[in-house]
Amino acid sequence: MTDIQRCEIRPGRLVEWTLHRTTVEAAMSSPDDSRPPAYVQESHVRTARSVRQDGLFVPTWLGTAFDIPGEVDLDALQDALRAWTLRHETLRSGFRWIGDDMRRFTLDADAVVLHREDVGDFLDAATLTQHLQDRFDVAADALTWPNFIFAAVVRDGGTSVYMAFDHSNVDSYSIQRIPAEVHELYAAGRERRAVDRTPVASYVDFCATERTNADQIDDTHAIVARWREFIAQCDGKLPNFPVDLGLDPGGKVPTQKFMHEMLVDDADAAAFEAYCRPYGGSFVGVLAAIGLIVREIGGQQVYRTVVPFHTRAKSQWSDSVGWYVGGAPIEIPVAQASDFDSALGMVRAALRKNRPLSRMPIARVLRLLGSDFRPTSPDLYSIVSFVDARDIPGSERWQDLKAYGLIRVSYGDQVCAWVTRLHEGLQFASRYPDTDVAYQNMRLFVERLRELIVSVARSDVAMRA
């Protein structure tokens, strides 16, 4: 995961694809779809609207970037992009406001037509990068539809593809699967051979099922009680990142900076994973390390956080593009941890106890709690996410294809961090408030995380594992 400034954009001829005017007109006149938005989608769009009403435009798109080697066939690429779009129903489904209600509409696949535009040549990488960011901000906006765009930068000997989507359509796992899927469709088109046409399960269907299940609980449910207790322990709020970020409590939402680097190489990452495996693996190890580090830096006696988990509980959703993420409240009494092993045990116990809560959308819980969580910031809480990307199709070629997941960094008073296990090692990426204090503490946090992982990986126990 990285931002658009760090994905190796090179000059060339820019080509864009958006939905054709006739497709947009068909969408505007289409009837309501009875399937409701997911709670996470509705919360996301309402947050964007609330923050916009407060006078702040906060782009929230995610994207992907990857290369296609050799001379490109733009017609074949366009066919591949359309075929990929049609695989995933959420991309032809959007929302309209009826009063204060969000209503879904969904286009028939036959109505989807891509419009290609040759934008022109860009001779300077920085100018092209800024153009793409500005274009994606408008074309992949949470409050408009369509809310995605495809682009290609064509050069002699190779082409770079960029695809940006409002977060309501995708999660990090979704965007990491895109390079291999588009490559497969493009190659099949050029070679005039058929590809697997097995239908991909629809995120729109998942939204309806998840919401139906969520609406069956009320404020007496045990899950709501657990969240009520957790939020009370956080002084009536969802948890912030537990180090000083140098924020003015009454100030405006700050701009953010981005931090991106490899923590350790493959050898150390493998040894760290082996050490942590009896407790559940690298994810448990990373959370245990973070708990000890925030105790050291911020003096935390209990590390409280909301841990994101994927909600693709059934295999039918594994190939589906959508926002399949829930969160579970976790409390780690790090003051009682005498060493890393004891912290591992605490994290394992907390995850086993609380992970099932991630199946219930946080937005549904907050509504049942009846608290005023009207957002004044794009992020309700800070996160640390862990993804092992090695099993994602095509991930072994990401370096050669310059493939990246893209994060838009704009405004926010929270810390959002992503730790990714790649074939090359453990990667850390984060967006955080742009203050001197936050930078200093985030640099200290990352260095201590690296040191702790290395010390565990190179311990006698890890070496024998």
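In this predicted model, phenylalanine 148 and phenylalanine 150 are both tucked away as buried residues. Their ring centres sit 5.5 Å apart with the planes at 35°, so this pair counts as tilted. Phenylalanine 150 also pairs with tryptophan 84: here the centres are 6.4 Å apart and the planes meet at 75°, which makes the pair edge-to-face because that label goes to planes over 60 degrees apart. Tryptophan 84 is buried as well. It belongs to helix H3 (residues 74-87), while phenylalanine 150 belongs to strand S6 (residues 148-155), so the pair ties together parts that are 66 residues apart in sequence. Ring pairs join Trp84, Phe148, Phe150 and Phe165 into a cluster, and the count of aromatic pairs comes to 19.

Rings also turn up with charged partners. Arginine 49 lies over the face of tryptophan 97, 3.8 Å from the ring centre. Likewise, the charged end of arginine 211 sits over the ring of tyrosine 39, at 3.8 Å from its centre.

Now for helix H10. With 15 residues (340-354) at 1.5 Å a residue, H10 should span 21 Å, and its end C-alpha atoms are indeed 21 Å apart. Its buried residues include Phe340, Leu344, Val347 and Leu351. Looking down the axis of H10, the buried residues fall within an arc of 165°, so they line one face of the helix. Arg352 and Lys353 are exposed, on the face turned away from that buried side. Among the elements covering the buried residues of H10 are helix H7 (222-233), strand S9 (303-310) and helix H12 (436-457). At the N-terminal end, aspartate 339 caps H10, with a side-chain oxygen 3.3 Å from the backbone nitrogen of aspartate 341.

Definitions and conventions
Residues numbered from 1 in each chain as written. Predicted model: local features only at pLDDT ≥ 70, side-chain atom pairs only at ≥ 80, totals over all residues. Heavy atoms only, no water. Helix = DSSP H or I, 4+ residues; strand = E, 2+ residues; numbered from the N terminus. Expected span 1.5 Å × (residues − 1). Buried < 20%, exposed > 50% of the residue type's maximum accessible area, 1.4 Å probe, protein only. Arc of directions from axis to C-beta. Contact = heavy atoms within 4.5 Å. Polar contact = N/O pair within 3.5 Å; in protein donor to acceptor, adjacent residues only side chain to side chain. Phe/Tyr/Trp six-rings, centres within 6.5 Å; stacked < 30°, edge-to-face > 60°. Lys NZ or Arg CZ within 6 Å of the ring centre and 35° of its normal.
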